[in-house]
Amino acid sequence: MAFFNLLNRVEYACVCGLLNPLTKLYFCRHCMKLRCGFCVCHEVDSNFCSNCLENIPSSETKIRKNRCNTCFNCPSCQHTLSVRASIATVPLSAGSSESKESSPAAEDSPKLKPASSSTPEGAAATAASPSAPGTKQVTKKMYYLACLTCRWNSHDIGIPDQTAATGQWPEPEYPNATRFAHLLEHYQSVVLHEKQERQELWRRKTPKKSQFPSLTDRTGLTASMVRRQMGWTDGKVQVKTTPTPIKESVASDEVDELPDDLFSAEVNLKTVTTLTQRLAQPAKQSASVSQLYPQHKLLSIKRSLRCRQCDHNVIKSEYNPSSIKYRIALFAAYHVPDVRLVSCEPLRSDGTESVLLLRITNPTINEMTITIMELPTVEEEQLMIQELKALALEGGPSSSVTFASPSVSHPSSLSSLSPGFLRQGAPMEEPRLIQRAVNGTLKLPDSSFIINQRDDSAEFDEVMQGHQDEPKFVVWRKANHVVIRLGVQAKPDLPADEDVVVGFSLQYTYFNTVADKSLAPSTVPTAQSGSGKDQKWHALSTRLYVNLGKLRTGGEPVQSN
């Protein structure tokens, strides 16, 4: 089992051939196969701010440059800034509207602690409101930004206070902002121009399906001809865009000279920005802490995961940003037996057999029949890969099925339909051989065994176990947990600095409630029906690899709970 602070002792093999712990895998109930992060399609459902929990549409997210307008990050420690209030004395301007606005603040002034001149708030308020003879002074609420972690505030860099808590805080001006805006406009026009060229090329290459695509073509009165006869412009004609010209950057040998006191002046590290602070502000990257300005907080996303083969959702979260629940949560830990390494005796290179204890847990609400078998050979793995490719071409989305590999990417089938009327299927991960060498021999059990279903009340109630005749290799059983004893031997020529890895195939029975007519008949002769869905038993298998550590000459056995 994988833990956040321990090594991955037990790893499961995905369909694509990658090894991952059970906590990082998903289970598709329609394909009934394990899926890793590369075998699912990641889709963004919503964008929201993790501080104010504002749900922002995707179109508005691009305009805001993936940042929140009201929340800021501390430029010193990157934590979220808080809006603090203080009392400031400002001169009363002419007009009755000002007196009306200032009267509520004057009433609330006893509730807030007045800012003294010794504090940064009082000093800023005193500097902002100089007393002049003959001018009436009033008190108002003023707001500033402060970090509750590192005690940074907006007064440190001279940002003026605002009269509203959600006021428009001044944005710093960067010297290259105009240049970046021109580059953004230029490349947007380049992308639009290339898109129009691809659409025009696709339109020319697409064959004409029928001699008369519309009824008006038989009489020769098409919509475009009617428009031309009436003197109207053709509505389908799009104006081709051309990339906007831009001035190219030219390298120059003229650079500013270094100051004379660069190597002789004393350096105060408290005033120099760190690498993290500079990378947080890539537009300016100031070298002094007095030029660090608050940055708008980046938006977070809620994403859903979709199986690339059957196009069904594997993970689907709630749309509300404040909710942490899932609509669909097909984690592998809820459907696949959980195998954990309990203990292993010291492994020796002389061929002595050691005892290995594994705990297997049934996470489902149905009984499981477990069978431990040997790993398939290289020829059998290659045959399995060919069957997976053939199955993906037959049962995948009818639009297009492609295999994406790190080095080669080629389509497996083509479609003659236009991309505007067809949903393109996501490319599937290229199946591969498992790159994990097994250098240990495992003595497998001679029979199958049953694990009870998961029962949450069994931990509090003393229930007698239903299966009394246990096999010899079963050493402990409680509720839906079983501990088995296996024998393991390391290869004689194994180096002392190399980890001992053993592997086996775990076959288990799974009770699926998803109705799918394309699935093959179950190998287990048990079938039920209820709630309008076909509920069937299926015999599934997965490959596991267990890392037992290095060879030992003596000492305590390795343990991992």
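## Ser189 and its surroundings

Apart from neighbours within four places in sequence, Ser189 makes contact with Thr242, Pro243 and Thr244. The structure is a predicted model, and Ser189 is placed in helix H4. Because its relative accessibility is 12%, below the 20% under which a residue is called buried, Ser189 counts as buried. A polar atom of the Ser189 side chain lies 2.5 Å from the backbone oxygen of His186.

## Helix H4

Helix H4 covers residues 177-205, a run of 29 residues. From its first C-alpha to its last, H4 reaches 42 Å, close to the 42 Å expected at 1.5 Å a residue.

Which residues of H4 are buried? They are His186, Ser189, Val190 and Gln196. In an α-helix there are 3.6 residues a turn, so residues three or four places apart point the same way.

## The hairpin of E1 and E2

Strand E1, residues 10-13, is covered on both faces. On one side Val10 and Tyr12 are buried, and on the other side Glu11 and Ala13 are buried as well.

E1 pairs with strand E2, residues 19-20, in the antiparallel sense over 2 bridges. Within this pair, Tyr12 stands opposite Asn20 of E2. The hairpin of E1 and E2 has 5 residues between the strands, and Gly17 takes a positive phi near 100° there.

## The open sheet of five strands

Strands of a sheet pair through backbone hydrogen bonds, either parallel or antiparallel. Here, an open sheet of 5 strands follows the order E6-E5-E11-E12-E13, and the pairing is antiparallel. E6 and strand E13 (326-329) stand at the edges with a single partner strand each, so one side of each has no neighbour in the sheet.

Inside this order, strand E11 (residues 300-307) and strand E12 (residues 313-317) run antiparallel and are joined by 2 bridges. Leu305 stands opposite Ile315 in E12.

## Ser50 in a loop

Where is Ser50 placed? Ser50 belongs to the loop between strand E5 (40-48) and strand E6 (55-56). Is Ser50 buried or partly exposed? Ser50 is partly exposed, because its relative accessible area of 40% falls between the limits of 20% for buried and 50% for exposed.

Leaving aside neighbours within four places in sequence, Ser50 is in contact with Lys297 and Ser300. Thr80 is 30 residues away from Ser50 along the chain, and the C-alpha atoms of these two residues are separated by 10.0 Å.

Technical notes: Residues numbered from 1 in each chain as written. Predicted model: local features only at pLDDT ≥ 70, side-chain atom pairs only at ≥ 80, totals over all residues. Heavy atoms only, no water. Helix = DSSP H or I, 4+ residues; strand = E, 2+ residues; numbered from the N terminus. Expected span 1.5 Å × (residues − 1). Buried < 20%, exposed > 50% of the residue type's maximum accessible area, 1.4 Å probe, protein only. Polar contact = N/O pair within 3.5 Å; in protein donor to acceptor, adjacent residues only side chain to side chain. Contact = heavy atoms within 4.5 Å. Pairing = 2+ DSSP bridges.
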